[in-house]
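Work through the exercises below with the model open. Each one sets a task and then solves it step by step.

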Amino acid sequence: MAHTGTSARREFLAGCRDEAPLLLGVAPFGMIYGIAALAAGVPAWLAQLASAIVFAGAAQLVIVQMLAAGAGFVPIALTSGLLNLRHVLYSASMADYVHHLPRRWRLLLAYVLTDEAYAVAVLRYQRRETATPPPGGSGASRESASEASA
């Protein structure tokens, strides 16, 4: 059982390491969003709260611009939903990789799935797939096996 905990910890730390370089853009983007939100008349506490619960940067900026233009709730919600539809596709493509996790973890991971996190995670899972020998154990990747049969 300790091996599983160590393996999970190792995977978590590897994910943090892989994600770290991508976080360099978070602070400047946060500043841009904060300035735009305050300029649009959004109270500082609400801008902070929005940053804590909305992880889609494009949606944050569009929402602020629409608020500044006086748009209503329905157009803002629809626009934000359309902008974030890609996250549904991201989550769907990750489903096979996380199906073994408890539902609460899958829901949390779907919620915090950003473009950057998706790129890091899907590449890691795909690398793992090609490194894992197929059942039958020739050691060849799935791609090599399919090329051989073609």
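**Exercise 1.** In which hand of crossing, left-handed or right-handed, does H2 pass H4? Find also how the two helices are oriented and what their contact consists of.

Solution. The model is a predicted one.
- Step 1: H2 passes H4 in a left-handed crossing.
- Step 2: The axes of H2 and H4 are 9 Å apart, and the helices pack at an angle of about 15 degrees.
- Step 3: An angle under 35 degrees counts as roughly parallel, and H2 and H4 are therefore roughly parallel to each other.
- Step 4: H2 contributes Phe 29, Ile 32, Tyr 33, Ala 36 and Ala 37 to the contact, while H4 contributes Gly 57, Ala 58, Gln 60, Leu 61 and Val 64.
- Step 5: Sorted by class, the contact of H2 with H4 holds 8 nonpolar and 2 polar residues, with no charged residues.

**Exercise 2.** Determine the relative direction of H4 and H5, then list and classify the residues of their contact.

Solution.
- Step 1: H5 covers residues 73-83, and the axes of H4 and H5 come within 10 Å and cross at roughly 160 degrees.
- Step 2: Angles over 145 degrees count as roughly antiparallel, which makes H4 roughly antiparallel to H5.
- Step 3: The crossing of H4 and H5 is right-handed.
- Step 4: On the H4 side the contact is made by Ala 58, Ala 59, Val 62, Ile 63, Met 66 and Leu 67, and on the H5 side by Pro 75, Ile 76, Thr 79, Ser 80 and Leu 83.
- Step 5: The contact of H4 with H5 has 9 nonpolar residues, 2 polar and no charged ones.

**Exercise 3.** Describe the packing of H6 and H8 in the same steps.

Solution.
- Step 1: The axes of H6 (residues 85-98) and H8 (residues 115-131) cross at roughly 30 degrees and come within 11 Å.
- Step 2: H6 and H8 are therefore roughly parallel to each other.
- Step 3: Their crossing is left-handed.
- Step 4: Among the contact residues are Arg 86, Tyr 90 and Met 94 of H6, and Asp 115, Tyr 118 and Glu 129 of H8.
- Step 5: The residues of this contact divide into 8 nonpolar, 3 polar and 3 charged.

**Exercise 4.** Characterise the largest pocket by its volume and its lining.

Solution.
- Step 1: The largest pocket holds about 1,800 Å³ of space.
- Step 2: It is lined by 50 residues, of which Leu 109, Val 112, Leu 113, Ala 117 and Ala 121 are the closest to its centre.
- Step 3: Elements giving two or more residues to the lining are H1 (2-19), H2 (26-39), H4 (57-68), H6, H7 (103-111) and H8.
- Step 4: The lining of the largest pocket comprises 27 nonpolar, 13 polar and 10 charged residues.

Technical notes: Residues numbered from 1 in each chain as written. Predicted model: local features only at pLDDT ≥ 70, side-chain atom pairs only at ≥ 80, totals over all residues. Heavy atoms only, no water. Axes fitted to C-alpha atoms, helices over the stretch in contact; angles between N-to-C directions. Helix = DSSP H or I, 4+ residues; strand = E, 2+ residues; numbered from the N terminus. Parallel < 35°, antiparallel > 145°, perpendicular 65-115°, else oblique. Left-handed = near helix turned anticlockwise from the far one by under 90°. Contact = heavy atoms within 4.5 Å. Nonpolar A, V, L, I, M, F, W, Y, C, P; charged D, E, K, R; others polar. 1 Å grid on protein atoms, 1.4 Å probe; cavity = no way out; pocket = protein on both sides within 12 Å on 5 of 7 lines; lining within 4 Å. Points joined across faces, edges and corners; volume = space filled by probe spheres on them.
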